[in-house]
Protein chains: 2
Amino acid sequence: VFIGCQFSLYAMSDDFVDTILAAVRDLRDRDDLRVEADDLSTLIVGPSETMFEAVREAFVAAANTGTHVVASLTFSRGCPGEPDDPICTPEGPEKRRSELPDPRTVATSGVRTAAQFAVYPLGAAGYMDTIGEQIERAKQAGTFSKGKHFCTRLDGDAAAVFATIEAAFEAAGEQVGHVVTTATVSANSPSDG
Amino acid sequence: VFIGCQFSLYAMSDDFVDTILAAVRDLRDRDDLRVEADDLSTLIVGPSETMFEAVREAFVAAANTGTHVVASLTFSRGCPGEPDDPICTPEGPEKRRSELPDPRTVATSGVRTAAQFAVYPLGAAGYMDTIGEQIERAKQAGTFSKGKHFCTRLDGDAAAVFATIEAAFEAAGEQVGHVVTTATVSANSPSDG
């Protein structure tokens, strides 16, 4: 299955170019992901766990500069018509995930974030049930803040927030072949709250 | 039908607060739309045509400062479970749209943009056909640049680009009850290309 994301990082600073380039430098050097950038977003293709780890690390690096930064993310799995990519299905049992990430036990990053996300299971009549289960999962994870129109608000450490989004993306993908998850993750906002 | 969008505007500048507040001031004063903001996004609820006009004007105002700005948008129509809102269905024939916006004939804004967008028709088995028709529509509109993974790239004047996204959102909504359209629109990027 083809798994990837389009990742945009925004830094609200005159130094935005340097802030962003420094944050994504490690991402671009990874050989366990396919990474391609243009002026709008960076495409990351690879196994879900590795991909989420990479975008979380880039976001945390940017947030640690103290600048108000926002990540805008579109995760996709199983889109019909996308060519299969071997990098998405690494060999070996050590690469195989045994369970969903748990936002309650993940190692914290020290970066406080506000986020909103939405899950779109496509081509499935029962998609609202699948979405509802992911919102319930976020409530159990301790990161849920409130429902908004068209999305769900999360607050918490970046590690817990990304784990919540990852768990929703993975769990929905167990029910529906083609799933898109969109997320906005913010740190250091002056209008925090 | 409940129609709205979550709209985030990012300004890559130390003066981002002033830039954004100035750009959304007119938006917040409108009485033909419901507008609610928090630290992550601004919710706009109302008829599609009025809503698109308002977000385009806010984006163009921000872009006209010369700052690198990006709008991140999630448009939604017909989400089950959303309460109907009278503001979405204004009375009177003059408020009723006779045809889709035409990106080729819309009055230009003078702001050059790069954008990417995706259409998600939900709960429909034939959703890939509906998506394919919107990509074809963008090709006819002259704003299509290329397909990317998970989205379609557009380039052109802000007016034509927003009209392309609006036409896709509207046309998909004629086929499927619940449609989400996401878009990223950028201006004044130093890595323009």
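**Entry 1: ground rules**

I start with terms: helices (H or I, at least four residues) and strands (E, at least two) are DSSP runs, numbered from the N terminus. What I have open is a predicted model, where local features need pLDDT of at least 70, side-chain atom pairs count only at pLDDT 80 or more, and totals for chains, interfaces and linings use all residues. Residues are numbered from 1 along each chain as its sequence is written, chains are lettered from A and ligands numbered from 1 in the order in which they are written, and side-chain values use heavy atoms, with hydrogens and water left out.

**Entry 2: a loop residue in chain B**

With the terms settled, I went to B:Phe150, which sits in the loop between strand E6 (144-148) and strand E7 (151-157) of chain B. Its phi is positive, about 75°, although B:Phe150 is not a glycine. I noted the background: most residues other than glycine have a negative phi. Is B:Phe150 buried or exposed? I call a residue buried under 20% relative accessible area, exposed over 50% and partly exposed in between (1.4 Å probe, protein chains only). At 11% relative accessibility, B:Phe150 counts as buried.

I then looked up A:Asn188, in the segment after strand E8 (178-187) of chain A. A:Asn188 also has a positive phi without being a glycine, and the value is near 60°. Its relative accessibility is 35%, so A:Asn188 goes down as partly exposed.

**Entry 3: chain A as a whole**

Next I stepped back to the fold. I found four helices and eight strands in chain A. Along the sequence they run β-α-β-β-α-β-β-α-β-β-α-β. How does the radius of gyration of chain A stand against the globule rule? Both come out at 16 Å for 193 residues, so chain A is as compact as a globular protein of that length. Here the radius of gyration is taken over C-alpha atoms, and the rule is 2.2 Å times the number of residues to the power 0.38.

The C-alpha atoms of chain A fill a box of roughly 45 × 35 × 30 Å along the principal axes. Of the 193 residues in chain A, 58% are buried. For contacts I use heavy atoms within 4.5 Å. Among the contacts in chain A with a separation of 6 or more, 77% join residues 24 or more positions apart.

On the surface, chain A exposes about 7,900 Å², and carbon and sulfur atoms supply 46% of that. I took accessible areas from the Shrake-Rupley method with a 1.4 Å probe; for residues, only the protein chains shown count as cover.

My charge tally for chain A gives 16 positive and 29 negative side chains, with the centres of the two sets 5 Å apart. Lys and Arg count as positive and Asp and Glu as negative, while His and the chain ends are not counted. Each charge is placed at NZ of Lys, CZ of Arg, CG of Asp or CD of Glu.

**Entry 4: how the two chains relate**

I laid chain A on chain B: a turn of 180° with a shift of 0.0 Å along the axis does it, at an RMSD of 0.0 Å. That is the relation of a two-fold axis. The superposition is by least squares on the C-alpha atoms of residues with pLDDT of at least 70 in both copies. Which surface do the copies use to meet? They meet through the same surface, because 100% of the interface residues of chain A are also interface residues in chain B.

B:Thr182, in strand E8 (residues 178-187) of chain B, is in contact with A:Thr182. Beyond four places in sequence, the other contacts of B:Thr182 are B:Leu73, B:Thr74, B:Gln116, B:Phe117, B:Ala118 and B:Tyr120. B:Thr182 is buried at 10% relative accessibility.

**Entry 5: helices H2 and H4 of chain B**

B:Phe52 belongs to helix H2 (residues 48-63) of chain B, and B:Phe162 to helix H4 (residues 158-175). B:Phe52 is buried at 1% relative accessibility, and B:Phe162 is buried at 2%.

What does B:Phe52 contact beyond four places in sequence? I listed B:Phe75, B:Phe162, B:Ile165, B:Glu166 and B:Phe169. For B:Phe162, the contacts include B:Phe52, B:Val55, B:Arg56 and B:Phe59, and also B:Leu73 and B:Val185. B:Phe162 and B:Arg56 are 106 residues apart in sequence, yet 6.7 Å apart C-alpha to C-alpha.
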